[in-house]
Amino acid sequence: MEHQEIRPVPKIPAYKIPVHAVGLLKNPLKAIHQMTTQYGDIFALPLYKKSQIVFVNHPDYVKHFLKDSQDAYSRGKAVKQSAITGLDKFLGNGIFMSDGDDWEAQHKLLKGLFSTTAIESTLPIIEEELGKLTQKWQSQIEQNPLVNVEHDLNILMLRIMLRTQICANKTFDDHAIYEALTGRMEASSVKSLFWFQLKSSLLKPFGKNYQYKKHDQYLAKLENIAFGLVEDLIAHKYQPNGLFQLLLADYEQNKITKTNIRDQFMNFVFAAFDTTATAITWTLYNLAANTNVQQKVRQELQQSLELIPHKHLAQLQLPFLQMVMKESLRLYPPVWSYAREAASDDVVNGFQIHAKSIVVISSYSLHRHPKYWQSGNEFDPSNFEKEQFKGKNFAYIPFGQGKRMCIGRALADYQMQIIVGSIINQFELTTNNNVQPSINANIIIKALEPLRLRLNRITDTP
Ligand code: HEM
């Protein structure tokens, strides 16, 4: 066998580090994208001693870190390394953070929520909540056609998640949950952390130790809500649904504790609604910015509904709409970055990865890699025609890869088709102006200003 020389991962030149460090703190998505253009498919930002952040932007590396060697790369440990964000305290030992046997057990239990039957059972709640929202929009746009779709879709998806996974007929203070969650996420945004670093370094010379506590306040609010729901659950004060039904059964058999229920609630609040809401928001934005594509989606929908009128939108085969949703997830993958900690020394493609290194993949950059995506920044659903997409499995990772891939992806697809389809069937969408929205990337890709679209009611929906 040919002997392969082991090389260190090429390092960012030392004199460039300060400028990249500031860029990463201010806008990590933009900074990583710019660095991948400058330094290629693998490069390292050295930290202390041997440890480093290794950035990769190539399908072969994605395959190595997320699939072939997945057990040697931990997401939970990478999150714990950046404990200052408070994310580790928030997510506890839920499915997102765990590894090994602990993860296996949680995954086995939660998988039950994503069978076809379980997914289809959420339809009445989706329809009820979506119906309320579209009715609200219909009366609202008579006064003002400009709608804050981002906010409204977030609340919609949160309500659907709470009712399908916790209790179908309980009154939740969804606005309070939403505010505590967005406040908590904002408090660990890189921008907040940047200001924290700046303030603490300015105060240090005066002997003051500036503590970063902002996310703790929001976390305390969420904890209150979570433990309130848990106490009422185990006291049988409401009829649980989905996730909470599974967790209550395990709690009553002494398999899990109250804290485990709290942790899983936090993991679902973190992963299960904002992601889908964001995917739907960007899909609607892309359709508003490309009205010819929007018209084609509407035609496909209306033709299918005319052909098989008794079928629900959820059951229709809508290949063009599917391509549109995939293309939106290519350009704006809601979860845009992956981080893993290396458990031990490893070699990938001849490059040395030291134990404890953090590996970072930006799906935002990978999805615009010029070698795989000729359309680059352009919205082009034909990227997902069968022939075009062939061989790009590891160049397209909106839901991840390997066994830690998104457990909720089938549910997300199901919800997206119903919600996008139903909105396009009832409203014509246009953008507020022709300016491409700037991106604000914390953990999820959002527009810098909440996305608003102009809605015009279509009167003759079949
Ligand atoms: C369009 C919507 C969604 C997107 C783009 C998305 C994306 C992702 C991605 C990229 C990961 C893997 C992250 C990594 O490997 O580091 C992930 C994991 C996860 N997602 Fe989603 N997600 C979506 C919807 C959902 C929904 C609806 C649920 C639950 C109802 C959910 C629950 C989870 C959980 C629990 C994990 C962790 C899985 C594990 O570690 O085994 N997601 N998601």
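Which helices and which strand each supply at least two residues of the shell around the ligand? They are helix 14 (258-271), helix 15 (274-289), strand 6 (337-342) and helix 20 (409-426). Bear in mind as you look around that this is a predicted model.

**Around the ligand**

Let's stay with the ligand for a moment. Helix 15 gives the most to its shell, with three residues. There are 25 residues around the ligand, and the ones that come nearest are Arg-75, Trp-103, Arg-340, Arg-404 and Cys-406. Sorted by class, the shell has 18 nonpolar residues, along with four polar and three charged ones.

Three arginines from that nearest group are worth finding in the viewer. For each one, the table gives the distance from an oxygen atom of the ligand to a polar atom (N or O) in the side chain.

| Residue | Distance to a ligand oxygen atom |
|---|---|
| Arg-75 | 2.7 Å |
| Arg-340 | 2.7 Å |
| Arg-404 | 2.9 Å |

**The second largest pocket**

Now for an open space in the protein. The second largest pocket has a volume of about 410 Å³. It is lined by 19 residues, and Glu-150, Thr-182, Glu-186, Asn-440 and Lys-446 are the closest to its centre. Two or more lining residues come from each of helix 9 (149-165), helix 10 (174-187), strand 11 (439-441) and strand 12 (445-447). Helix 10 provides the largest share, five residues. As for the mix of classes, nine of the lining residues are nonpolar, five are polar and five are charged.

**A closed cavity**

What about closed spaces? The structure holds one cavity of 30 Å³ or more, and the volume of this largest cavity is about 30 Å³. Its lining is made up of Glu-150, Thr-278, Thr-281, Trp-282, Ile-445, Lys-446, Ala-447 and Leu-451. Helix 15 and strand 12 are the elements that give two or more residues to it. By class, that lining has four nonpolar, two polar and two charged residues.

**Where the sites share parts**

A few names turn up twice on this tour. Glu-150 and Lys-446 are among the residues closest to the centre of the second largest pocket, and both also line the largest cavity. Strand 12 gives two or more residues to the lining of that pocket and also to the lining of the cavity. Helix 15, for its part, contributes to the cavity lining and gives three residues to the shell around the ligand.

Technical notes. Residues are numbered from 1 along each chain as its sequence is written. This is a predicted model: local features need pLDDT of at least 70, side-chain atom pairs count only at pLDDT 80 or more; totals for chains, interfaces and linings use all residues. Side-chain values use heavy atoms; hydrogens and water are left out. On a 1 Å grid over the protein atoms alone, a cavity is a set of points where a 1.4 Å probe fits but cannot get out, and a pocket is an open set with protein on both sides within 12 Å along at least five of seven lines; lining residues have an atom within 4 Å of a point. Grid points are joined across faces, edges and corners, and a volume is the space filled by probe spheres set on the points. Helices (H or I, at least four residues) and strands (E, at least two) are DSSP runs, numbered from the N terminus. Ala, Val, Leu, Ile, Met, Phe, Trp, Tyr, Cys and Pro count as nonpolar, Asp, Glu, Lys and Arg as charged, and the others, Gly among them, as polar. A residue is near a molecule or strand if one of its heavy atoms lies within 4 Å of it. A polar contact is a pair of N or O atoms within 3.5 Å; within protein, one must be able to donate a hydrogen and the other to accept it, and residues adjacent in sequence count only if both atoms are side-chain atoms.
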